[in-house]
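Notebook, structure session. I wanted to look up how one sheet is put together and how one helix is buried.

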Amino acid sequence: MRRWHRPRVRTQVERLFPIPFRDLADDSKFRKYEEVTLLATRPRNDRRPESWVPIEGSIRTGRFVGTEHGWSARRELIASLDERNMCELIEVNRSRSEPEPPSLAVVRPAHPPEFLITPREQDQLDRWRSRAEAIANRPSLFDDPDQVKPPYELVPWRFSYRYQCRAPRCNGHNQTIVDWEAEALWRKVRQQGNWRYLMQRKFRDELWAADRDTVLFVGNMGQRPHNFLVLGVFWPPQSALQPSLL
């Protein structure tokens, strides 16, 4: 029998998956940096120590952590997380030299990364389209039979960061960005002829400006634990009282 757990305050980061965000009730939909409470269980086929499966219908939203006072409240949360070199993360997950290799972490690039936009392979898009259709056709106890879901739109581009971490002999990393904000921005600007420039301006220039203390949230893939993705970007302003995030 699978046991479920009530949430408790943690000083480490956790992964909640899957969350069918489009199917959540309005009172369960949450924003970035919004506290949530939920019931969760450990996954059967995921060895990553941070992974939890939410119980459908149990998510409740709470306090929103804003950007007042130089993002101080958010800084306090993020500063409690584990910062690692990307090279080290890959090695411990490849060799399993730690009892529970971390699958989520904060990484600080040695220099502002290069933002890349490349087309996705057609066979990958076809697989994703088939998977999205299967999920859309799967009934849920919480579905409204009178509500028609909008079709899921695949993004035909891969957005990624290429950078060097702070390991002494880092040869560089090229990691796909899976943060929903990248896809949201593309959908907003894609009809404009300069959409590539607009995305570069956001994900290269604005997020990594000299007056920002920017780091990456990264996480690995369950079946390929040495392969990491960029889950998000944390870009608080530099502060005279807090010259560095971590």
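My entries on the sheet come before those on the helix.

Entry 1, the model. I am working from a predicted model.

Entry 2, the sheet. I looked up the strand order and found an open sheet of three strands, E7-E11-E12, with antiparallel pairing. Strand E7 (104-107) and strand E12 (228-234) are at the edges; each has a single partner strand, so one side of each has no neighbour in the sheet. From one strand to the next I noted an average twist of 30°.

Entry 3, pairing of E7. I counted the links between E7 and strand E11 (residues 215-220): four bridges join these antiparallel strands. I then looked up Val-106, whose bridge partner in E11 is Phe-217.

Entry 4, helices on the sheet. Helix H1 (residues 68-79) packs on the sheet and touches E7, E11 and E12. The direction of H1 makes about 150° with that of E12. Helix H2 (residues 86-95) also packs there, touching E7, E11 and E12; for H2 the angle with the direction of E12 is about 145°.

Entry 5, helix H4. Which residues of H4 (residues 180-189) are buried? I found Ala-182, Leu-185, Trp-186 and Val-189. They lie on the same side of H4, because their arc around the axis is only 100°. Residues three or four places apart point the same way, because an α-helix has 3.6 residues a turn. On the face of H4 turned away from the buried side I found Trp-180 and Lys-188, which are exposed.

Entry 6, the cover. I checked what covers the buried residues of H4; the cover includes strand E9 (157-163) and helix H5 (195-206).

Methods:
Residues numbered from 1 in each chain as written. Predicted model: local features only at pLDDT ≥ 70, side-chain atom pairs only at ≥ 80, totals over all residues. Heavy atoms only, no water. Pairing = 2+ DSSP bridges. Axes fitted to C-alpha atoms, helices over the stretch in contact; angles between N-to-C directions. Contact = heavy atoms within 4.5 Å. Buried < 20%, exposed > 50% of the residue type's maximum accessible area, 1.4 Å probe, protein only. Arc of directions from axis to C-beta.
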